[in-house]
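I opened a fresh notebook page for this one and went through it entry by entry. Here is what I looked up, in the order I did it.

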Amino acid sequence: MHSLAQAASPYGRGFLEKRMDEHSRTLINRLASEHALDLDGYEYLIAHADAAVAAELAVHAVAVRQEVYGTDVFARGLIEFSSYCKNDCYYCGLRAGNRECERYRLTPEQIQECADTGYELGFRTFVLQSGEDPYWSDDALCSIVRTLKDRHPDCAVTLSVGERSRESYAALHDAGADRYLLRHETADPDHYARLHPPRMSFERRMQCLEWLRELGFAVGVGFMVGSPGQTSATLAVDLKFVERFKPEMCGIGPFIPHHATPFAAEPAGTLELTCLLLSIIRLIHPPVLLPATTALGTIDPQGRERGILAGANVVMPNLSPGDVRAKYLLYDNKICTGEEAAECRGCLGARMLGIGYQLVVDRGDPAE
Ligand code: SF4
């Protein structure tokens with residue numbers, strides 16, 4: 001078992017240049033043709049990853065992504081509408097125990113204004129994201145979703161508001177929400193317990209994901225790369241979970257420590273390992289919608305471009321009002337907290353063109 005946080009790990013300093021071993025080559029070819037490996041295969045590929053393995057995986061992943069989505073990149077307009085949270089996840093700057101965090105809630109009118117601005121800029125998917133904030137009743141959220149769909153019937157609405165009851169999810173789906181993001185964080189129960197306080201439950205998280213699937217949402221899972229306690233073995237379990245669950249979306253980004261959390265002194269995840277996993281996930285499930293996350297752009301100025309070139313096909317520019325962006329800090333040094341929505345859209349559009357891809361005006365539904 002290889003601890004990804006160990007100083008001796010290649011993941012801490014980026015991948016080393018060396019020749020790919022034959023077993024890695026065999027595993028990559030199997031993954032590309034069968035879209036699956038056994039647990040040992042995933043673990044071996046991660047534990048023996050180097051620049052050559054990453055490059056080979058990226059070539060396959062980009063070819064597969066090209067087949068399914070061409071060079072289109074979908075933009076999701078992110079509206080971070082509440083920074084209140086009742087939970088205390090050890091890795092997150094919005095945790096209830098962080099007294100430094102400036103809390104805010106947007107009004108329903110402000111949320112609609114963000115979406116209207118986004119629509120003008122060409123966004124056709126809105127992601128409404130918040131901490132787990134009990135202030136937002138089902139009625140309040142359903143009303144926001146309904147208004148959004150009435151005003152912009154050609155748009156998809158994605159919710160990312162955490163764990164709720166099955167009844168709540170059902171009401172939100174009936175109100176018109178199309179998609180739901182709920183990162184599983186880790187598919188290993190012991191690792192889950194290392195990242196969350198005892199009153200949060202791995203079983204409950206998995207149950208919520210099953211409910212969302214049953215109710216007809218397009219479901220997004222995901223995890224941080226390089227989180228404390230993560231190993232090549234726990235990552236293999238994550239990949240096996242993705243293989244089984246076949247999520248419509250999978251958000252992975254590097255762990256970045258936040259100074260006011262129990263993990264403040266933990267090392268960040270790396271660009272290299274994140275990109276390697278993006279490539280593997282593309283190969284496991286070719287139609288998956290895979291964002292090149294803001295966290296990836298935070299640890300490296302070219303991070304989002306590198307993510308796309310590893311097989312990602314989604315970016316999530318921020319549509320939140322400028323005066324609240326710096327308050328929604330899941331981790332330190334988050335980028336794009338000073339720009340307006342139009343600047344973010346323009347910047348990302350130019351970045352994609354710079355690598356031969358284009359941001360499209362499209363809901364960006366998952367391919368069949
Ligand atoms: S990760 Fe989500 S649920 Fe956990 S503390 Fe942060 S905002 Fe709250």
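Entry 1, the pairing rule. Before listing any sheet, I noted that two strands pair if DSSP finds at least two bridges between them. I also kept in mind that this is a predicted model.

Entry 2, the six-stranded sheet. With that rule I found 6 strands forming an open sheet in the order 2-3-4-5-6-7, with parallel pairing. Which strands stand at the edges? They are strand 2 (77–82) and strand 7 (249–254); each has a single partner strand, so one side of each is left without a neighbour in the sheet. I then looked up the twist: neighbouring strands are turned by 20° against each other on average, direction ignored.

Entry 3, inside and on top of that sheet. I picked out strand 4 (residues 156–160) and strand 5 (residues 179–181), which pair in the parallel sense over 2 bridges. Leu 159 stands opposite Tyr 180 in strand 5. Next I checked helix 4 (residues 108–120), which packs on the sheet and touches strand 2 and strand 3 (125–130). The direction of helix 4 makes about 170° with that of strand 2.

Entry 4, the three-stranded sheet. I found another open sheet, made by 3 strands in the order 8-1-9, and its pairing is parallel. Strand 8 (314–315) and strand 9 (358–360) are the edge strands, each pairing on one side only. Strand 1 (residues 72–75) runs parallel to strand 9 and is joined to strand 9 by 3 bridges. I looked up one partner by name: Asp 72 bridges to Gln 358 in strand 9. Helix 14 (residues 341–354) packs on this sheet, touching strand 1, strand 8 and strand 9, and its direction makes about 135° with that of strand 9.

Entry 5, a helix pair. How do helix 9 and helix 10 cross? The axes of helix 9 (residues 232–245) and helix 10 (residues 271–284) come within 10 Å and cross at roughly 30°. Angles under 35 degrees count as roughly parallel, and the two helices are therefore roughly parallel to each other. Their crossing is right-handed. Helix 9 brings Leu 239, Val 242 and Glu 243 to the contact, and helix 10 brings Ile 280, Ile 281 and Ile 284. By class I noted 5 nonpolar, no polar and 1 charged residues there.

Entry 6, the ligand. What surrounds the ligand? I listed Cys 85, Asn 87, Cys 89, Cys 92, Leu 94, Arg 95, Gly 131, Glu 132 and Gly 162. Sorted by class, this shell has 4 nonpolar, 3 polar and 2 charged residues.

Note on methods. Residues are numbered from 1 along each chain as its sequence is written. This is a predicted model: local features need pLDDT of at least 70, side-chain atom pairs count only at pLDDT 80 or more; totals for chains, interfaces and linings use all residues. A residue is near a molecule or strand if its C-beta atom, placed from the backbone, lies within 6 Å of it. Ala, Val, Leu, Ile, Met, Phe, Trp, Tyr, Cys and Pro count as nonpolar, Asp, Glu, Lys and Arg as charged, and the others, Gly among them, as polar. Axes are lines fitted to C-alpha atoms, for helices over the stretch in contact, and angles run from 0 to 180 degrees between N-to-C directions. Angles under 35 degrees count as roughly parallel, over 145 as roughly antiparallel, 65 to 115 as roughly perpendicular and the rest as oblique. A crossing is left-handed if the near helix is turned anticlockwise from the far one by less than a right angle, and right-handed if clockwise. Two residues are in contact if their C-beta atoms, placed from the backbone, lie within 7 Å.
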